[in-house]
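Colleague: I should be grateful for a close look at a single part of this model. Please take one strand and describe its setting in full.

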Amino acid sequence: MTSLIAKRDYFQLKPATHDQIEIFKNRAFERKVDSTVIEQLVDLYKVADFFYYEIVLGFHSCTDLDIFEWWDDKELWIGQRDFYTIRWANNKFCLGEPSTISFSEEYEFDTLIQLIEGCIEKEIKVAEDYNKLNN
């Protein structure tokens, strides 16, 4: 994350407070979210709460109840940025749009770090496609 924002001075990393993280953890434990998923999200929130980057990568604040909006379907709605939706579903961290879990299996990841890296790759592709159209 630090290397991402080093490239753009208008993005900031703001960690969640201890109390905010405890609120998230309590909500997640109440819903029996897998402990490894909780750990990965807590690791993110300790570094960057409500983090967004360009048009693809955007996470809800750890205290945002929207994270659990789709829990009846055993999905966590981790974030939204423009038309890109980040969620945890079917034991995967996924990048898709609101109507789909993921764009394809290529956008389903075992870890949150892999998802973030996949979002960055998607961002680069979007920028390259834009540049091709406008040059």
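Modeller: Two strands are taken to pair if DSSP finds at least two bridges between them. The model is a predicted one, and I have chosen strand β5, which comprises residues 92-96. This strand belongs to an open sheet of four strands, in the order β3-β4-β5-β6 and with antiparallel pairing. The edges of the sheet are held by β3 (76-81) and β6 (108-109); each has a single partner strand, so one side of each is left without a neighbour in the sheet. In the sheet order, β5 stands between β4 and β6.

Consider the β4 side to begin with. Strand β4, residues 84-89, runs antiparallel to β5 and is joined to β5 by five bridges. Among the facing residues, R87 has C94 of β5 as its bridge partner, while I86 stands opposite L95. The two strands form a hairpin, with two residues between β4 and β5. In that turn, N90 has a positive phi of about 50 degrees.

On the other side, β5 pairs with β6, again in the antiparallel sense, over two bridges. Here the bridge partner of F93 is F109 in β6.

As to exposure, β5 is mostly covered, for four of its five residues are buried; buried here denotes under 20% relative accessible area. In summary, β5 is joined to β4 by five bridges and to β6 by two.

Terms used: Residues numbered from 1 in each chain as written. Predicted model: local features only at pLDDT ≥ 70, side-chain atom pairs only at ≥ 80, totals over all residues. Heavy atoms only, no water. Buried < 20%, exposed > 50% of the residue type's maximum accessible area, 1.4 Å probe, protein only.
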